[in-house]
Amino acid sequence: MIEFTQEELSLMDRLSVVGGWDDPAATDIRRKITRYLREKGIAFCCYCRVSMHGWHNWTIDPEHVLPKSIYPKQTFKLMNLNIACKRCNMGIKRADDSFFLGTRDCAEPFKSELYKIIHPNLDEPNDHLHVKIEQSNNTYIRKYWVINNSAKGKETYEYFRLSELEIQSVDVAQELPSVTPDLPAAVADDLNAALKQQ
Ligand SMILES: [Zn+2]
């Protein structure tokens, strides 16, 4: 497990005040953060949960949940970082922070209740939204499933326009990875039963 030395953590604090994420002095630490996120076992986009297994490091963007342009102090906070695909990161979310209920100078921004969407580090995504990839007749169909009427699940589904991925999955079936996230058996059975009814 990758750990950060005190020296690196101090550098991260300094860079978040002066220099920022793209500062040349941050190059090594950015690489280390990417490795850290990957070694945590993160292999999915933290929002749409499309698999990123086998992607090259350079195509994976460390994602700032609170945008670094608006919340510079959170730029290097590991709690604010995860991995997102380009569709969710650059195509949809960009520098928007409408999902955040705190203030822009909020001293303690890392509380689940301050986020309308599922926070990939503060929330357990599967408590709110499941994703399942079903195969039938060589076609993969991605389905999202809001759990227990979760407001965060619904908001995440709408904010990231996940219905588009369900529709697209029929068209780009062959390119989709055959990944089925681990689900509790009871939930998987419910999903399978529901999918069969459609
Ligand atoms: Zn995504």
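Helices (H or I, at least four residues) and strands (E, at least two) are DSSP runs, numbered from the N terminus. The views below show a predicted model, where local features need pLDDT of at least 70 and side-chain atom pairs count only at pLDDT 80 or more, while totals for chains, interfaces and linings use all residues. Residues are numbered from 1 along each chain as its sequence is written, and side-chain values use heavy atoms, with hydrogens and water left out.

**View 1. The whole chain, with six helices and four strands.** Reading from the N terminus, you meet the elements in the order α-α-β-β-α-β-β-α-α-α. The chain has 198 residues, and 45% of them are buried (under 20% relative accessible area; exposed is over 50% and partly exposed in between, with a 1.4 Å probe and protein chains only). Of the contacts (heavy atoms within 4.5 Å) between residues at least 6 apart in sequence, 62% link residues at least 24 apart. About 11000 Å² of the chain is exposed, and 50% of this area comes from carbon and sulfur atoms (Shrake-Rupley method, 1.4 Å probe; for residues, only the protein chains shown count as cover).

**View 2. Strands β1 and β2 side by side.** Here β1 (residues 61-64) pairs with β2 in the antiparallel sense, over four bridges; pairing takes at least two DSSP bridges between the strands. One pair to pick out is Pro62, whose bridge partner in β2 is Ile83. In strand β2 (residues 81-84), Leu81 and Ile83 point one way while Asn82 and Ala84 point the other way, and all are buried.

**View 3. Leu81 and its surroundings in strand β2.** Leu81 counts as buried because its relative accessibility is 0%. Beyond its neighbours within four places in sequence, Leu81 touches Trp21, Ile33, Leu37, Pro62, Glu63, His64, Thr75, Phe76 and Asn121. Take a look at Leu37 too: although 44 residues separate it from Leu81 along the chain, the two C-alpha atoms are 8.0 Å apart.

**View 4. Asn89 in helix α3.** The helix spans residues 86-93. Asn89 has 12% relative accessibility, so it counts as buried. Once neighbours within four places in sequence are set aside, the contacts of Asn89 are Asp61, Pro62, Glu63, Ala84 and Arg94.

**View 5. Two loop residues with positive phi, Arg49 and Asn149.** Most residues other than glycine have a negative phi. Arg49 has a phi near 65° and sits in the loop between α2 (27-39) and β1. For Asn149 phi is about 60°, and this residue belongs to the loop between β4 (139-146) and α4 (151-159). Arg49 is buried because its relative accessibility is 14%, whereas Asn149 counts as exposed because its relative accessible area is 59%.

**View 6. The second largest cavity, with a volume of about 30 Å³.** Across the whole structure, a search turns up two cavities of 30 Å³ or more. A cavity is a set of points on a 1 Å grid over the protein atoms alone where a 1.4 Å probe fits but cannot get out, and lining residues have an atom within 4 Å of a point. Grid points are joined across faces, edges and corners, and the volume is the space filled by probe spheres set on them. Around this cavity you will find Cys46, Tyr47, Arg49, Ile118, Pro125 and Thr156. The lining is made up of four nonpolar residues, one polar and one charged (Ala, Val, Leu, Ile, Met, Phe, Trp, Tyr, Cys and Pro are nonpolar, Asp, Glu, Lys and Arg charged, and the others, Gly among them, polar).

Terms used: 1 Å grid on protein atoms, 1.4 Å probe; cavity = no way out; pocket = protein on both sides within 12 Å on 5 of 7 lines; lining within 4 Å.
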